[in-house]
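Biologist: I have the file open and would like to walk through the contacts with you, so please start with whatever I need to know to read your element names.

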Amino acid sequence: MQIERSLVLEISRHEVPVGRSITVRVRDKGNNPIEGALIEAGSKRKRTDSRGRCEIAFRSPGFWKLVATKSPTERVRYRSTSTLVRAIPRSTTDRRQRRVGPPTR
């Protein structure tokens with residue numbers, strides 16, 4: 001008999017500059033890391049390590065759907081999950097940086 005576990009997908013940021021990687025973590029609802037989960041975003045594919053983590057970077061701007069899946073075992077079947085990430089051009093992030101310090105005249 002198989003039990004079903006829902007995967008939980010956590011990302012370090014929902015908006016990231018193009019070329020900068022984000023950390024992805026896959027766990028179950030009991031907060032246990034899921035090793036070997038497949039993370040897909042377009043044609044990119046990464047597998048999670050023993051801590052349920054991996055890093056992924058986007059080379060072009062836009063909204064990217066991250067999907068986490070895990071193959072079933074004899075005892076456990078996993079329910080996949082997804083989330084969206086927005087990769088923004090570097091020029092946009094340069095304009096968004098706040099100036100720190102006293103105003104200049």
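Modeller: When I give a strand a number, I mean a DSSP run of E of at least two residues, counted from the N terminus. Please also keep in mind that this is a predicted model.

Biologist: Fine. Where does R20 sit, then?

Modeller: R20 is placed in the loop that runs between β2 and β3. With a relative accessible area of 42%, R20 is partly exposed.

Biologist: Which residues make up the patch of positive charge on the surface?

Modeller: The patch of positive charge gathers R13, R20, K46, R59 and R90 on the surface. R20 can belong to such a patch because the rule asks for over 30% relative accessible area and no salt bridge, and its 42% is partly exposed.

Biologist: Speaking of salt bridges, how many are there?

Modeller: The count comes to 8 salt bridges. Among them is the one between E4 and R77, whose closest N and O atoms are 3.2 Å apart. That pair links distant parts of the chain, with E4 in strand β1 (residues 3-11) and R77 in strand β8 (residues 76-79), 73 residues apart.

Biologist: And E4, buried, partly exposed or exposed?

Modeller: E4 counts as partly exposed, since its relative accessibility is 37%. Its partner R77 also counts as partly exposed, at 39%.

Biologist: What about E10, which residue does its side chain meet?

Modeller: The side chain of E10 meets that of R25 in a salt bridge, at 3.2 Å from N to O. Here too the pair joins distant parts of the chain, because E10 belongs to strand β1 and R25 to strand β3 (residues 21-28), 15 residues apart. The accessibilities put the two partners in separate classes, for E10 is partly exposed at 28%, whereas R25, at 14%, counts as buried, the cut-off for that class being under 20%.

Biologist: Now R86, which partner does it have?

Modeller: R86 forms a salt bridge with E15, again with 3.2 Å from N to O. It links distant parts of the chain, with R86 in strand β9 (residues 81-88) and E15 in strand β2 (residues 15-17), 71 residues apart. R86 is partly exposed, with a relative accessible area of 30%, and E15 is partly exposed as well, with 29%.

Biologist: Which residues are joined into one network by shared partners?

Modeller: E4, R77 and R79 are joined into one network by salt bridges that share partners.

Biologist: Changing topic, how many aromatic pairs does the structure hold?

Modeller: The structure holds 1 aromatic pair. It is formed by F58 and W64 and is stacked, with 5.1 Å centre to centre and 25° between the planes. The label follows from the rule that planes under 30 degrees apart count as stacked.

Biologist: And is W64 buried or exposed?

Modeller: W64 counts as buried, at 19% relative accessibility, which falls under the 20% limit. F58 likewise counts as buried, at 1%.

Biologist: One last thing on the backbone: what is the phi of N31?

Modeller: N31 has a positive phi of about 70°, although it is not a glycine. Most residues other than glycine have a negative phi, which is why I flag it. N31 lies in the loop between β3 and β4 (38-41), and at 45% relative accessibility N31 counts as partly exposed.

Note on methods. Residues numbered from 1 in each chain as written. Predicted model: local features only at pLDDT ≥ 70, side-chain atom pairs only at ≥ 80, totals over all residues. Heavy atoms only, no water. Salt bridge = Lys/Arg side-chain N within 4 Å of Asp/Glu carboxyl O. Helix = DSSP H or I, 4+ residues; strand = E, 2+ residues; numbered from the N terminus. Buried < 20%, exposed > 50% of the residue type's maximum accessible area, 1.4 Å probe, protein only. Patch = residues over 30% accessible without salt bridge, like charges linked within 9 Å, V, L, I, M, F, W, Y side chains within 5 Å. Areas by Shrake-Rupley, 256 points an atom, 1.4 Å probe, with all protein chains shown as cover. Lys, Arg positive; Asp, Glu negative; His and termini not counted. Charge placed at Lys NZ, Arg CZ, Asp CG, Glu CD. Phe/Tyr/Trp six-rings, centres within 6.5 Å; stacked < 30°, edge-to-face > 60°.
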